[in-house]
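Biologist: I would like to learn how to read a protein model from its folds and pockets. Could you take me through one?

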Amino acid sequence: MTVLRRLLCAILLLPLFCPALAAAAPALPLPAQTTAPAAPPQAKLVLAGRTIFVFRTAMAGFTPDDRAEGARKRLDAALARNGAQQPGIHPINEGTQVMLDGALLFLVTPADTNPLAGDTTDSVATESAAQLTKALAERREQASPRYLAIAAGLCAIATLAWLLVLRGLHLLHRWVGMRSAQAISRRLSRVKVKNVRVLDAEHYVRFMRHAVHLLIWALRLIATYLWLAFILGKIPYSRSWGERLQDYLVDIISGVATSIVNALPGLVLVAVIIAIARLVMLTLGSIFQRVESGELQAGWLDKDTAAPTRRIANVVIWLFALAMAYPYLPGAQTAAFQGLSVLVGLMVSIGASSIVGQGASGLILMYARTLRKGEYVRIGDAEGTVVELGMFETRLRTGLGEEIAMPNAWVLSNTSKNYSRVLEGAGFVVDTKISIGYDTPWRQVHEMLELAAQRTPDIASTPKPYVMQTALSDFYVEYKLVAYANAEAPRQRAEVLNRLHQQINDVFAERGVHITSPHFIQDYTPPEQA
């Protein structure tokens with residue numbers, strides 16, 4: 001710790017010894033390229049706290065300080081004569097002279113001007129004469145007790161008004177804060193969904209209080225700024241400072257107003273583009289709605305593809321409108337706005353690749369008409385009724401209390417079976433498999449399965465149920481019953497399949513035929529019941 005403390009003390013005391021070390025060290029010549037050019041000396045001519053002219057260059061061997069001192073002496077001599085104190089200018093070959101009551105004060109040379117800003121000796125001399133006129137008027141006001149008394153009275157009135165404004169803003173702060181809190185609480189208490197309040201008033205009340213607090217403080221700062229500019233402008237000694245404050249405020253207000261006026265044509269064009277895009281979207285929406293309801297037939301567009309086509313059209317319309325309106329948005333040409341646009345595009349391109357793939361898969365399913373809402377399908381190991389065919393996922397409802405959500409990319413990569421497209425209209429195919437031993441004639445099995453289907457409610461008689469022998473195994477024959485059910489809901493489909501299985505069990509029990517699916521061998525009868 002002692003070593004660390006000494007090191008810190010040495011670092012802190014090093015700047016104190018640097019000047020002495022620099023003075024004691026021998027002067028070393030620096031390379032010419034490292035020597036920075038010295039700033040040209042300048043001198044100001046000041047009267048009554050106002051800068052009349054800035055001498056920037058030497059002339060005839062006189063430095064800017066010498067020129068300023070000479071101009072000061074000539075000005076004092078001209079003021080001592082108590083003349084009319086009328087400034088003027090007189091152009092000559094070397095530049096432009098600034099005069100007072102016909103006497104020369106100083107000469108404005110071309111080296112004293114800034115040609116890059118468009119200054120000339122005449123324009124600079126004219127500005128200096130104007131500043132001299134103001135300074136002389138302020139000098140006379142400084143010597144006038146009447147003017148000083150009036151200025152003091154005006155400053156006192158302005159100070160009293162400023163204090164009253166601050167007091168009024170304080171009272172307004174309390175009143176607005178209290179009334180806004182009551183109004184927000186009363187209005188938000190009426191916002192209910194199924195008689196339940198969904199918005200917490202305290203968050204909005206806190207936000208409103210902070211907003212009102214910031215607004216009141218902004219008004220206080222503006223009032224203080226105006227009061228200070230007025231006070232400084234009424235005092236002759238500080239009138240130039242007041243004018244600077246006033247000019248700064250005017251520049252800010254004019255800059256804001258100019259920006260708003262310049263942005264108005266672009267905003268009007270943006271509003272027109274949005275209105276046209278909205279009109280086109282509503283027009284296409286009405287057409288798609290009629291196609292979706294079946295009132296209008298549009299060739300390749302049907303009620304299943306009308307909804308996704310409407311969404312795609314809306315996205316394309318808004319993207320086109322955004323591309324058209326982008327150049328007219330305020331700040332669209334700034335580097336910050338463009339950088340933010342690039343960042344958002346990069347984030348979307350990197351992070352949304354899987355989302356784009358899922359959306360593309362959903363569009364393929366929709367436009368290929370592989371699946372439709374209300375159809376009974378089997379996708380992989382999942383089987384049920386399609387209840388939603390969205391852009392990113394497909395949902396199946398099994399009817400057994402399950403709802404399965406599958407990504408569209410996975411659905412597209414798997415084999416799907418559709419049981420709802422055998423016949424037109426509602427309903428779907430119902431099938432089941434059983435295995436019967438070779439000792440039972442196959443015609444009898446066919447007849448019993450068809451009888452079970454006829455006894456089952458909701459099994460359609462047309463098309464007629466039929467039986468197929470799908471395999472000849474080692475110990476039994478596999479039979480598949482195919483029928484058509486009129487049920488629409490997935491729960492009804494599960495009940496139809498359940499009743500069909502019950503009827504198959506009953507029919508085969510009545511005929512004394514054993515179902516050997518797949519490992520059943522024979523009934524076991526206890527000895528005491530034999």
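Biologist: To begin, how many helices and strands does the secondary structure of the protein chain come to?

Modeller: Happy to help! Keep in mind that this is a predicted model. The protein chain has 12 helices and 13 strands. Of its 530 residues, 30% are buried. Among contacts between residues at least 6 apart in sequence, 58% join residues at least 24 apart.

Biologist: Now for sheets. In what order do β11, β12 and β13 lie in their open sheet?

Modeller: The general idea first: strands of a sheet pair through backbone hydrogen bonds, either parallel or antiparallel. Here the order is β11-β13-β12, with antiparallel pairing in this open sheet of three strands. The edges are β11 and β12, each of which pairs on one side only. From one strand to the next, the twist averages 25 degrees.

Biologist: How many bridges does β13 make with β11, and how many with β12?

Modeller: Strand β11, residues 428-437, pairs with β13 over 10 bridges. To find one on your screen, look for T432, whose bridge partner in β13 is L481. On the β12 side, six bridges join residues 466-472 to β13. Within β13, V477 stands opposite L472, and V482 stands opposite Y466. You can also follow the chain from β12 into β13 through a hairpin of three residues.

Biologist: Why is β13 said to be largely enclosed by the rest of the structure?

Modeller: Look at accessibility, where under 20% relative accessible area counts as buried. Strand β13 covers residues 476-485, and eight of these 10 residues are buried, so the rest of the structure largely encloses the strand. As background, side chains in a regular strand alternate between the two faces of the sheet.

Biologist: And for a single residue: is S361 buried or exposed?

Modeller: S361 has 8% relative accessibility, so it counts as buried. This serine lies in helix α9, residues 353-367. Setting aside neighbours within four places in sequence, S361 contacts N408, A409 and L412.

Biologist: Let me try the other sheet. Which strands are at the edges of the sheet with β3, β4 and β5?

Modeller: This open sheet has the order β3-β4-β5 and antiparallel pairing. The edge strands are β3 (87-92) and β5 (103-108), each pairing on one side only. The twist averages 30 degrees from one strand to the next. Six bridges link β3 to β4, residues 95-100, and H90 has Q97 as its bridge partner in β4.

Biologist: Which helix packs on that sheet?

Modeller: Helix α2, residues 64-80, packs there and touches β4 and β5. The direction of α2 makes about 155 degrees with that of β5.

Biologist: Last topic, pockets. How much space lies in the second largest pocket, and which residues lie nearest its centre?

Modeller: In general, rolling a probe the size of a water molecule over the atoms shows where empty space is left. For the second largest pocket, that space is about 420 Å³. Its lining has 19 residues, with T51, I52, V54, E127 and Q131 nearest the centre. The elements giving two or more residues to this lining are β2 (50-55), α3 (121-142) and α6 (239-293).

Biologist: How do the lining residues divide into nonpolar, polar and charged?

Modeller: In the lining of the second largest pocket, four residues are nonpolar, six polar and nine charged.

Terms used:
Residues are numbered from 1 along each chain as its sequence is written. This is a predicted model: local features need pLDDT of at least 70, side-chain atom pairs count only at pLDDT 80 or more; totals for chains, interfaces and linings use all residues. Side-chain values use heavy atoms; hydrogens and water are left out. Buried means under 20% relative accessible area, exposed over 50%, partly exposed in between (1.4 Å probe, protein chains only). Helices (H or I, at least four residues) and strands (E, at least two) are DSSP runs, numbered from the N terminus. Two strands pair if DSSP finds at least two bridges between them. Axes are lines fitted to C-alpha atoms, for helices over the stretch in contact, and angles run from 0 to 180 degrees between N-to-C directions. Contact means heavy atoms within 4.5 Å. On a 1 Å grid over the protein atoms alone, a cavity is a set of points where a 1.4 Å probe fits but cannot get out, and a pocket is an open set with protein on both sides within 12 Å along at least five of seven lines; lining residues have an atom within 4 Å of a point. Grid points are joined across faces, edges and corners, and a volume is the space filled by probe spheres set on the points. Ala, Val, Leu, Ile, Met, Phe, Trp, Tyr, Cys and Pro count as nonpolar, Asp, Glu, Lys and Arg as charged, and the others, Gly among them, as polar.
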